[in-house]
Structures are given as C-alpha cells and as structure tokens.
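Please read this report alongside the sequence and the coordinates, with the metal site and the aromatic residues in view.

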Amino acid sequence: MGKGHLSVTMDQFTSFFPIQVEEGQSWIAFQLKFEAHQSWARAYLWDVEKSLRFCFLDGGNERNIVIHEQAETTSPIAVSGTIMPGTWLLEISTDVGKHVEVVWETGAGKLPAQYDSPQLHGDREYWNSGEKNAGFTMDNYDWNKIWQEGSRWYKGDFHTHTVLSDGKMTQLMNSDQAEKLGMDFFTATDHNVMSTSWPKGNVLVIPGVEVTSGDGHWNALGLRKWIDWRTSAPDGGLTTQAGMDRLMKETAEQGAVCSINHPMLVPWAWQYGETLLSAVHSMEIWNDPTYSPNPEATEKALKLWSECWNRGHRLTGIGGSDSHMLPTERYPDCDIPSLIGDPATYVWCDDLSAEAVLEGVRRGEVYVSRGPVLEATIRAGDREYRFGSDVSQAFADEQQAESERNITCSLSIYSETNILVSLVHNGTPESVKAAPAAGGSDPAVLEWIIPWEADAYHWYRFDVRDEEGRLLAFTNPIYFGEKQPEEITWNDLLSVTGMK
Ligand SMILES: [Zn+2]
C-alpha cells in the first residue's frame with residue numbers, strides 16, 4: 001500500500017515526477033486535476049522498465065486512471081499487467097505557470113470502490129494483452145477477424161471522439177449509436193490518446209488516434225502501436241515538421257493509414273507546409289457537414305484533392321463525422337445533430353474486417369455520402385470495375401476498334417431528395433445529370449459512356465449534389481494508367497491551387 005500527493009505549479013512545459021512503488025502491489029491509481037489551461041494538458045506514465053503504461057489528455061472528462069494486473073479493472077487508456085516495484089515516472093505537460101494536483105495510490109488485491117468507473121463495466125474486447133513486454137500495443141487485437149461476410153460496400157466513419165479525450169459520448173455510446181444508425185464500422189480517433197480496450201458490440205471498431213497539434217490534425221487509422229507524438233520527444237513530436245514526418249513514416253511502416261483531417265478548415269487547417277504528399281495515404285475531404293464553416297472548407301478540399309490526382313498523387317478521399325456531442329445536441333446554427341456516420345464513408349470489402357477496411361482505403365475503393373446510397377456498374381468490355389480502379393488495361397487483350405472501346409458507368413442511386421450528379425474529369429465537372437428522389441428497392445439509374453483512352457493518365461469521379469448545389473456524396477476516381485508523381489509538398493499544392 002502506498003500513497004502520494006503532488007501539488008505543483010509548472011515551471012516548464014514538461015516535467016517528470018517520480019512515483020515509488022513498493023513490492024507486491026497489484027494496482028496503481030491516479031487522480032489528476034489541472035488548472036484551466038489554453039493548450040490541453042497531457043500526462044504519461046512510465047514504469048520501471050520505461051514502458052508506457054498510460055497516455056492521457058485532459059479534455060474536461062474523467063481524470064481517474066487505473067492500472068491493474070487484470071485488464072478488467074484497467075482504464076481504457078492504460079496498459080494492464082505487472083506493477084513492478086521501483087521508481088515509475090509521471091510525465092506531465094501543460095502551460096507554464098499552471099497548477100497541477102495529482103493524488104496516487106497503490107495497493108494489492110481488489111480495486112477500492114472509489115476508483116471504479118462506468119468505463120470499466122460490461123463485456124469488453126481487450127486490444128492489449130497486458131503481457132510482459134507487450135508495451136503500448138494492440139497485440140491482442142484481431143485485425144483479420146471477419147465481422148460480416150460478403151463482398152459489398154460497408155458503411156463506416158473514420159473520425160470519432162469519446163470521453164477519453166474531449167468528446168461527450170462514452171465508447172459504449174459510440175458503438176450503440178453506430179449500430180442504431182446502421183453502420184458496419186468506425187475508427188476510434190480520440191485526440192492524442194489510444195484506447196487499449198473497447199466494449200463488445202456488433203459494430204467493428206478499428207484502433208487509431210487523431211494526432212492533434214496546434215498546426216493541424218491527422219488520423220493514424222489502424223495503429224498497432226503507440227507512436228511517440230510527445231512534445232518531449234527528441235524531435236519535438238507533433239510540434240515540429242520533423243516530428244510529424246517521423247510520425248507519419250512510423251504509422252505507414254506499421255501498415256496503418258495516414259489521413260490529413262479537415263485540411264482546409266481554419267483554424268485547424270493543415271499547416272505543416274513541408275509535408276510531402278507522398279507521405280499520406282488519404283485526406284478527410286469531408287468533415288462534419290453540420291459544422292457551419294465546413295461546407296466551404298469541403299469545397300476547397302475537393303479542389304485540392306483534384307489537384308493531387310492531376311499530379312499523379314492518387315490519395316483516397318474519405319469522410320469523418322468528427323462527432324464530439326450527444327445525439328440530443330447540435331451546433332447552434334444547425335438544425336440537425338452532429339452524429340457519428342455523417343458523412344458516412346463506404347468501403348468495398350470482400351468480407352468485413354479491420355484489415356479489409358484499411359486495405360480498401362489504400363486501394364481507393366471508397367465513396368462518401370450524407371444520404372444517397374450508390375451502386376455502380378462500371379463496365380469495359382467483359383470486365384467490371386469499381387470506384388478506385390485503374391481501367392487502363394480494360395481492352396488490353398481485345399480486338400475491338402479503338403472507336404468502339406467505351407467505359408459504361410451505370411449509377412443506381414437511392415436518395416430521399418432530387419439530385420444532380422456530375423461526372424468530374426481531371427477536376428472539371430463535364431456532364432451533369434439529374435435524378436429524382438428514389439428510395440426503397442427502386443433506385444434512380446443514370447448512365448454515362450466514357451471513351452476509353454489509355455494512352456495518357458487521366459481520371460473521372462462522380463459528385464452528387466442537391467438542387468441547391470450542396471454536396472451529398474462523392475466517389476473516388478476511376479483512372480487510366482499512372483503518372484509518376486512529382487515530389488511536392490503541402491505548400492506547393494496550396495500554391496498551385498491558389499489557396500496559399
Ligand atoms: Zn477530431
């Protein structure tokens with residue numbers, strides 16, 4: 001049994017405080033209290049072997065953290081397992097001059113009731129094993145577990161928050177809400193915090209984090225292992241260009257997807273201008289449409305994205321609700337709530353698994369929608385394709401005359417409102433067709449014939465809008481061949497699109 005108390009005014013942004021742990025302890029619990037601060041306060045706990053045991057961000061929610069030998073009584077932002085005796089280190093980062101209070105306690109056996117939390121209740125999936133040397137990893141997560149069988153579009157959300165950072169929904173509420181809204185999967189992307197467990201449910205939850213800095217946010221989707229984003233990392237972590245470059249590189253090396261979030265949404269627009277486009281896999285073109293500055297930011301992002309494609313950088317366009325609120329709440333200037341799954345991102349998977357979703361994003365077999373459900377039949381000769389496909393080889397071994405070689409795109413659209421669909425060619429809308437509202441089993445069908453010209457790299461995608469021009473959906477492109485991408489930076493991209 002041990003107890004300690006820390007009451008300190010920060011004289012630098014990051015300080016380390018020793019925590020002595022006696023022999024024979026089975027749990028360690030912390031209560032953290034931060035004075036109101038400008039930038040989010042963060043805390044990390046390092047054990048005797050310098051292994052990370054929790055990472056915490058003060059988003060105004062629960063500030064009790066428990067690490068127990070047993071996963072069942074370990075906080076969802078912490079790593080369970082042996083509580084070794086010796087000196088542990090509590091790392092705290094917050095603004096200089098701010099006051100911090102920490103109470104900690106260690107003990108053997110059962111966890112005292114005061115440290116109980118609703119976060120620990122119910123059946124949970126433990127993504128971390130808590131085994132020795134597992135570290136802050138998702139070593140117990142089954143990336144290939146099949147959640148649903150069948151080749152189809154699966155509906156998901158790549159940007160969600162919970163009470164583990166600054167959201168209002170618990171993990172369980174997010175899962176319940178997603179199921180209620182007919183979603184198949186979502187990614188857990190709290191700010192600078194990784195979940196190590198999640199309540200059991202019917203919706204696939206994929207581990208991740210929103211790497212959140214003062215100069216932009218990006219999602220590491222499908223992260224298998226904690227990456228060192230700390231300001232105290234030798235390269236400054238998420239506060240420097242070099243640090244961000246490293247974090248993206250490490251994320252890609254793990255097989256996870258790097259996706260820049262709300263790239264044009266001031267003040268959270270992407271400002272790491274030296275980021276190479278080749279370092280990212282995807283972009284969140286569409287962030288929460290119920291947040292009033294987003295429609296304009298989304299149109300800018302669509303333009304930027306087109307320019308990426310024109311330069312041969314075939315980034316996948318995805319969406320994210322960035323949901324933080326309860327379903328009963330809404331932004332003051334919007335008449336509908338900000339819900340998980342708005343917009344939804346549909347990913348083509350042969351069977352639904354975490355790995356299949358990530359792979360689908362990498363391939364670009366994706367469309368994003370606020371409502372309209374799309375089924376596309378894209379035919380060239382004898383072959384069928386999907387959004388995200390390279391169609392340049394469609395007629396490679398056929399004898400038809402060049403003039404008879406066409407790609408037929410037939411879109412079946414289920415939409416509750418009248419819609420206008422434009423075929424966007426290399427960034428320019430070329431042909432707009434209208435379709436009436438159509439639901440149930442009887443979709444509106446629109447067809448385009450695209451001439452097949454495989455000699456030069458080019459691409460087509462579909463944008464779906466309502467009669468007032470508001471975006472309702474967009475697809476990822478089908479494309480012809482490759483263009484060796486120029487190594488260009490984010491600033492270069494902004495310059496060529498006139499957005500810098
Ligand atoms: Zn977010």
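A residue is called buried here when its relative accessible area is under 20%. The model is a predicted one.

## An enclosed strand and its partner

Strand β14, residues 208-213, has six of its six residues buried, so the strand is largely enclosed by the rest of the structure. G208, E210 and T212 point one way from β14, whereas V209, V211 and S213 point the other way, and the residues of both sets are buried.

The pairing of β14 with strand β15 (residues 216-221) is antiparallel and runs over six bridges. A hairpin of two residues makes the connection from β14 to β15, and G208 is found opposite L221 of β15.

## The zinc site

The zinc ion has as its protein donors H159 and H161, each through NE2, together with E210 through OE and D322 through OD, at 2.0 to 2.3 Å from the ion. Because H161 belongs to the loop between β10 (152-157) and α1 (171-180) while E210 belongs to strand β14, this pair ties together parts that are 49 residues apart in sequence. Both H161 and E210 are buried, and the spacing of the donor residues along the sequence reads H-x1-H-x48-E-x111-D.

How is the geometry of the site classed, given angles of 83 to 171 degrees among the four donor atoms? The site is irregular; four donors would count as tetrahedral if all angles lay between 85 and 135 degrees.

The donor D322 is found in the loop between β18 and β19, and its phi is positive, at about 55 degrees, although the residue is not a glycine. With a relative accessibility of 11%, D322 counts as buried.

## Aromatic residues and charges over rings

The structure holds 27 aromatic pairs. One of them is formed by Y460 and F480 in an edge-to-face arrangement, with 6.2 Å from centre to centre and 70 degrees between the planes. This pair links distant parts of the chain, since Y460 is in strand β27 (residues 458-465) and F480 is in strand β29 (residues 478-480), 20 residues apart. Both Y460 and F480 are buried.

One aromatic cluster is made up of W153, Y346, W348, Y367, F387, W448 and F462. The cluster member W448 also has K433 over its face, at 5.3 Å from the ring centre. The charged end of R224 sits over the ring of W143, at 4.0 Å from the centre of that ring.

## Backbone features in loops

Two cis peptide bonds precede prolines in loops. V266 and P267 are joined by a cis peptide bond with omega of about 5 degrees, and P267 lies in the loop between β16 (257-260) and β17 (282-287). The bond from D342 to P343 is likewise cis, with omega near 0 degrees, and P343 lies in the loop between β18 (316-320) and β19 (344-349).

N133, in the loop between β9 (124-126) and β10, is a residue other than glycine with a positive phi, near 70 degrees. At 70% relative accessibility, N133 counts as exposed.

## The surroundings of P199

P199 is part of strand β12, residues 197-199, and counts as buried at 9% relative accessibility. Apart from its neighbours within four places in sequence, P199 is in contact with D123, R124, E125, Q171 and L172. The C-alpha atoms of P199 and Q119 are separated by 8.8 Å, although these residues are 80 residues apart along the chain.

Methods: Residues numbered from 1 in each chain as written. Predicted model: local features only at pLDDT ≥ 70, side-chain atom pairs only at ≥ 80, totals over all residues. Heavy atoms only, no water. Buried < 20%, exposed > 50% of the residue type's maximum accessible area, 1.4 Å probe, protein only. Helix = DSSP H or I, 4+ residues; strand = E, 2+ residues; numbered from the N terminus. Pairing = 2+ DSSP bridges. Donors = N, O, S within 2.8 Å, 3.2 Å for Na, K, Ca; no water. Tetrahedral: all angles 85-135°; square planar, octahedral: opposite > 155°, others 65-115°. Contact = heavy atoms within 4.5 Å. Phe/Tyr/Trp six-rings, centres within 6.5 Å; stacked < 30°, edge-to-face > 60°. Lys NZ or Arg CZ within 6 Å of the ring centre and 35° of its normal.
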